[in-house]
Amino acid sequence: MSDAVSRLAEVKAKIAAAEREAKRAAGSVTLVAVSKTFDAADVRPIIEAGQRVFGENRVQEAQGKWPALKAEWPDIELHLIGPLQSNKAKEAVALFDVIETVDREKIAAELAREIARQGKAPRLFVQVNTGSEPQKAGIEPREAVAFVKRCRDVHGLAIEGLMCIPPFDENPGPHFALLDKLARQAGAEKLSMGMSGDYELAVAFGATSVRVGSAIFGAR
Ligand SMILES: *Cc1c(COP(=O)(O)O)cnc(C)c1O
């Protein structure tokens, strides 16, 4: 068994333990294995070990890696977890099953256009900049609920959840709690939060999916 495959098993066991600890149903948290910077040869054993949900942060990198893997394993579910430029909306809609980073009007409009054009609708999350960090993508928390509503009412997009990346130097708990509160207000069911350093905590705060990279694939 490769190191990555044994680390995958470890992460899955820790998620299961965190679900039990939080009195949540077994299997209620989806593991998104973040494979950015790792190539197809690194990803393959993880797929062979049964993992089917993956995350990438760059459209172009994903285009070089995933079409062949998805052809081989049609049940793979690929998530875009990095910032989306509007000139990449076409490629993103074509390749990804879930886009987690809808965060502004222009992207919402562009995605709506591509979904209509391609007749293919990825599931969508709105990214919230819970720490209001100037360099970080995501809608401001105070605008998030209205933005979800505009995505639905103006652009006809089915937003199913919210996503956040807390500031790396802060306790993530309050950010997870804020995302949960905003999701309830927005009527969005799903919460994408928690990474290698804090995914067990995120499960305690109600994450429905966690995005784990280095704890599985190793340091980047
Ligand atoms: C890279 C990345 C992750 C995974 O980070 P790790 O700390 O390696 O688990 C999760 N979410 C996003 C948005 C990322 O870009």
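Trainee: What makes the side chain of arginine 211 a polar contact of the ligand?
Mentor: A nitrogen atom of the ligand is 2.9 Å from an N or O atom of that side chain. A polar contact is a pair of N or O atoms within 3.5 Å, so this pair counts. The model is predicted: local features need pLDDT of at least 70, side-chain atom pairs 80 or more, while totals for chains, interfaces and linings use all residues. Numbering starts from 1 along each chain as its sequence is written, and side-chain values use heavy atoms, without hydrogens and water.

Trainee: Which atom of glycine 213 lies 2.8 Å from an oxygen atom of the ligand?
Mentor: A backbone N or O atom. Serine 214 also places a backbone N or O atom 2.8 Å from a ligand oxygen. Taken alone, the ligand exposes 390 Å², and the protein buries 91% of that (Shrake-Rupley, 1.4 Å probe).

Trainee: How many nonpolar, polar and charged residues are in the shell around the ligand?
Mentor: Six nonpolar, three polar and three charged. The shell includes Val34, Met163, Ser196 and Arg220. Residues count as near if a heavy atom lies within 4 Å. Val and Met count as nonpolar, Arg as charged, and Ser falls among the others, which are polar.

Trainee: Why is threonine 101 called buried?
Mentor: Its relative accessible area is 1%. Buried means under 20% (exposed is over 50%, partly exposed in between; 1.4 Å probe, protein chains only), so threonine 101 qualifies. Threonine 101 lies in strand E4, residues 98-102 (a strand is a DSSP run of at least two).

Trainee: Where does the side chain of threonine 101 reach?
Mentor: To the backbone oxygen of glycine 82, at 2.9 Å.

Notes:
A polar contact is a pair of N or O atoms within 3.5 Å; within protein, one must be able to donate a hydrogen and the other to accept it, and residues adjacent in sequence count only if both atoms are side-chain atoms. Helices (H or I, at least four residues) and strands (E, at least two) are DSSP runs, numbered from the N terminus.
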